[in-house]
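Work through the exercises below with the model open. Each one sets a task and then solves it in steps.

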Amino acid sequence: MKREGGGGRVGGPEVLEIVDLPDPHPGPDPHPGPGQVRIAVRAAGINPSDWKKREGLMDSELPQTMGHEASGVVDELGEGVADVAVGDRVFGFSVEGAAQAELAVLSYYAPIPPSLDFRGAAVLPAAIETATRALDQRGVGSGNTLLIHGASGAVGSAAVQLAVVRGARVIGTGSPANHDHLRSLGAEPVAYGEGLIGRVRALAPDGVDMALDVAGSGVLPELIELAGSPEHVVTIADFGGAQEHEVTFSRGDSGRAVHVLGEIGELIESGHFSLPVARGFPLAEIAEAHRVGEAGHVRGKLVLLVG
């Protein structure tokens, strides 16, 4: 089975290797356990956590497998699975971090919405789960004014749309080139950088009820001032700043919002949610995909095409 991984070294994109592993093989079990499904992977999402893992910033044990989200066709069912059948199109999470492969075991999954192809489904899980988890942690709902810093990226775009669906007013930071995009999602755009507080207060004179930091860049003090206190701010991007300023750092190991996998289809089919695919790469071009992703300036998400 072909599986993409970090080989025996940490470092730049050049350390990535595509290898053939026997089935069964050392590492993640290639067969689904109770409540899991195995899929023949058609597309796998690429995320910043992939290059952090490749660089040894998340786990020092080698060799590593890569990828947490994928879409494909069910080819084996674990014990107790009755909500999908072999041959169904599904998308979801590989908790073992081994989704960038010809076969992957998904612990959390849902049927692919009818209007999406495999590429469009593969980019959903991490973005919608991260965004939903952060919104849930601050109880974002109808009548709230939410500031999202870094609103034009994948997680930011997901958070904007999901907050709007909940009835919140959303102010989103982004470069001027992305302001039309943010308006199309339902956000009121503002430029990031020096003077942010004044620009936000021009739209919301009394500040905001809550703030979500998706992009990092040391903006937490400004978000705290606008939201009134650290308890009204959550970040997914600035662990050190969260500790320094007593802001919640949202992370998956504290509980994932996997309920959104089963909910997103209705929003997509009704036209209330979309997440674009920026670019697809064959599995053999994984190193180039990392280079493009790390360079930034990508609207939407990158995917690996498998099978």
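Two residues are in contact when heavy atoms lie within 4.5 Å. The model is a predicted one.

**Exercise 1. Find what L261 touches beyond its neighbours in sequence.**

Step 1. Locate the residue: L261 lies in helix α9.

Step 2. Leave out residues up to four places away in sequence; L261 then touches F91, G92, F93, Y108, Y109, A110, P125 and I128.

Step 3. Check the exposure. The relative accessible area of L261 is 3%, and buried means under 20%, so L261 is buried.

Step 4. Look at a pair distant in sequence. P111 is 150 residues from L261 along the chain, and their C-alpha atoms are separated by 8.7 Å.

**Exercise 2. State which residues of α9 are buried and what covers them.**

Step 1. The buried residues in α9 are V260, L261, I264, G265, L267 and I268.

Step 2. Their cover includes β6, β8 (108–111), α3 and α4.

Step 3. Go past the end of the helix: G271 follows α9 and has a positive phi, near 85°.

**Exercise 3. Is H272 buried, partly exposed or exposed?**

Step 1. Place the residue: H272 sits in the loop between α9 and β15 (277–282).

Step 2. Its relative accessible area is 48%. Partly exposed covers the range between 20% and 50%, so H272 is partly exposed.

Step 3. List the contacts of H272. With residues up to four places away in sequence not counted, H272 touches Q161, V165 and L267.

Step 4. For a distance in space, take L162: the C-alpha atoms of H272 and L162 are 8.6 Å apart, with their positions 110 residues apart in sequence.

**Exercise 4. Describe how α3 packs against α4 and against α9.**

Step 1. Choose the quantities. Two packed helices are described by the angle between their axes and the distance between the axes.

Step 2. For α3 and α4, the angle is about 55° and the axes are 8 Å apart. That angle makes α3 oblique to α4. Their crossing is right-handed.

Step 3. Identify the residues of this contact. A127, I128, T130, A131, T132 and L135 come from α3, while A154, V155, A158, A159, L162 and A163 come from α4. Sorted by class, the contact of α3 with α4 has ten nonpolar, two polar and no charged residues.

Step 4. For α3 and α9, the angle is about 105° and the axes are 10 Å apart. Here α3 is roughly perpendicular to α9, because angles of 65 to 115 degrees count as such.

Step 5. On the α3 side, L124, P125, I128, E129, T132 and D136 take part, and they meet H259, V260, L261, I264 and I268 in α9. The contact of α3 with α9 has seven nonpolar, two polar and two charged residues.

**Exercise 5. Do the same for α6 and α7.**

Step 1. The axes of α6 (residues 196–203) and α7 (residues 220–227) come within 10 Å and cross at roughly 30°. That makes α6 roughly parallel to α7, since the limit for this class is under 35 degrees.

Step 2. The handedness of this crossing is right-handed.

Step 3. I197, V200 and R201 of α6 meet E222, E225 and L226 of α7. By class, three residues of the contact are nonpolar, none is polar and three are charged.

**Exercise 6. Which residues have the most contacts inside the largest nonpolar core, and which elements contribute to this core?**

Step 1. The largest nonpolar core has 44 residues, and F91, L124, L146, I148, L212, I264 and F273 have the most contacts inside it.

Step 2. Elements that give two or more residues to this core are β6 (89–93), α2 (118–122), α3 (124–137), β9 (145–149), α4 (154–165), α5 (179–185), β12 (210–213) and α9 (259–269).

Step 3. A second, separate core has 22 residues, including V84, A99, A104 and L106.

Step 4. Take I148 as an example. Leaving aside neighbours within four places in sequence, I148 is in contact with G156, A159, V160, V170, I171, G172, T173, L212 and V214.

**Exercise 7. Summarise the whole chain: how many helices and strands does the protein chain have?**

Step 1. The protein chain has ten helices and 16 strands.

Step 2. Of its 307 residues, 54% count as buried.

Step 3. Among contacts between residues at least 6 apart in sequence, 64% join residues at least 24 apart.

How values were computed
Residues are numbered from 1 along each chain as its sequence is written. This is a predicted model: local features need pLDDT of at least 70, side-chain atom pairs count only at pLDDT 80 or more; totals for chains, interfaces and linings use all residues. Side-chain values use heavy atoms; hydrogens and water are left out. A nonpolar core is a set of buried Ala, Val, Leu, Ile, Met, Phe, Trp, Tyr and Cys residues joined through side-chain atoms within 4.5 Å. Buried means under 20% relative accessible area, exposed over 50%, partly exposed in between (1.4 Å probe, protein chains only). Helices (H or I, at least four residues) and strands (E, at least two) are DSSP runs, numbered from the N terminus. Axes are lines fitted to C-alpha atoms, for helices over the stretch in contact, and angles run from 0 to 180 degrees between N-to-C directions. Angles under 35 degrees count as roughly parallel, over 145 as roughly antiparallel, 65 to 115 as roughly perpendicular and the rest as oblique. A crossing is left-handed if the near helix is turned anticlockwise from the far one by less than a right angle, and right-handed if clockwise. Ala, Val, Leu, Ile, Met, Phe, Trp, Tyr, Cys and Pro count as nonpolar, Asp, Glu, Lys and Arg as charged, and the others, Gly among them, as polar.
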